[in-house]
Amino acid sequence: MSEEHKHDTTDTLVDAYERMLKQTHEAIEKAQQESVPKFREILDRTRERMVELGELTREEAEKVSDYVKRDIEDAAKYIADTGQDIRDWWRFDLELMEKRLFDMFKLVADQTSLQLAQWAETARQMSLYQAGEITGPGTLVCDQCGAETHFVKAGRIPPCADCGSTRFRRRTEDKS
């Protein structure tokens with residue numbers, strides 16, 4: 001595991017991923033009192049607000065927004081396709097993960113799964129993960145050799161530790 005992967009908490013975009021997810025979660029909670037929220041619209045507003053406040057450049061905000069969208073849509077697709085709980089999508093001990101991050105991610109993913117029908121094609125296209133991108137908690141599987149990389153919090157995706165490949169997918173079935 002690279003030093004960058006171990007100590008990615010100082011990475012500005014990783015911090016931005018968590019802030020953007022938190023702000024999107026808060027907006028969805030507030031919107032639920034009025035009507036069913038639209039995840040993409042709320043995420044877009046959150047992204048724009050972070051740019052306006054100077055927290056991120058437009059390019060950084062677009063990247064982070066794409067990462068959050070990809071992860072939430074991937075989780076929502078899993079929930080919609082399998083009927084399983086989001087805990088199964090993550091496939092690791094939830095005690096390792098901060099409860100607040102899990103709660104935020106779960107609410108956003110649950111809401112997103114309600115809108116999933118219109119996003120099916122986008123979710124399939126965005127299921128590919130590249131080294132250097134940022135991802136949320138969960139397990140990625142190397143597209144080349146099948147080795148797993150586990151994330152207990154948001155972080156940069158390193159090249160595969162086994163073969164050096166830079167392409168990954170979420171694990172979608174249990175290894176029995």
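## Salt bridges, a strand and a helix: worked exercises

The structure holds eleven salt bridges. Keep in mind that this is a predicted model. Let's work through some of its details.

**Exercise 1.** Work out which parts of the chain the salt bridge between Arg 19 and Glu 55 ties together.

*Solution.* Start with the contact: the side chains of Arg 19 and Glu 55 come together at 3.2 Å, N to O. Next, place the two residues. Arg 19 sits in helix α2 (residues 12–32) and Glu 55 in the loop between α3 and α4 (58–82), so the pair ties together parts 36 residues apart in sequence. Now check accessibility. Arg 19 has a relative accessible area of 31%, so call it partly exposed. Glu 55, at 30%, is partly exposed too.

**Exercise 2.** Decide whether Asp 71 is buried or exposed, then do the same for its salt-bridge partner, Arg 70.

*Solution.* The cut-off you need is that buried means under 20% relative accessible area. Asp 71 comes in at 0%, so it is buried. Arg 70 has 4%, so it counts as buried as well. Their side chains meet at 3.1 Å, N to O.

**Exercise 3.** Look along strand β6 (residues 167–170) and sort its side chains by face. Then find the strand's partners.

*Solution.* Go residue by residue and you'll see an alternating pattern. Phe 168 and Arg 170 point to one face and are buried, while Arg 167 and Arg 169 point to the other and are not. Now for the neighbours. Strand β1 (residues 129–130) runs antiparallel to β6, joined by two bridges, and Gln 130 has Arg 167 as its bridge partner. Strand β3 (residues 138–142) is also antiparallel to β6, with three bridges; here Leu 140 partners Arg 170.

Arg 167 has another contact: a salt bridge to Asp 143, with the closest N and O atoms 3.5 Å apart. That pair links strand β6 to the loop between β3 and β4 (148–151), 24 residues apart.

**Exercise 4.** Check the span of helix α3 (residues 39–52), then list its buried residues.

*Solution.* The helix has 14 residues, so at 1.5 Å a residue it should span 20 Å; the end C-alpha atoms are 20 Å apart, which agrees. For the second step, the buried residues are Phe 39, Ile 42, Leu 43, Thr 46, Arg 47, Met 50 and Val 51. A handy rule helps you read that list: an α-helix has 3.6 residues a turn, so residues three or four places apart point the same way. Finally, just past α3, Gly 54 takes a positive phi of about 75 degrees.

Methods. Residues are numbered from 1 along each chain as its sequence is written. This is a predicted model: local features need pLDDT of at least 70, side-chain atom pairs count only at pLDDT 80 or more; totals for chains, interfaces and linings use all residues. Side-chain values use heavy atoms; hydrogens and water are left out. Buried means under 20% relative accessible area, exposed over 50%, partly exposed in between (1.4 Å probe, protein chains only). Helices (H or I, at least four residues) and strands (E, at least two) are DSSP runs, numbered from the N terminus. Two strands pair if DSSP finds at least two bridges between them. The expected span of a helix is 1.5 Å times one less than its number of residues. A salt bridge is a side-chain nitrogen of Lys or Arg within 4 Å of a carboxyl oxygen of Asp or Glu.
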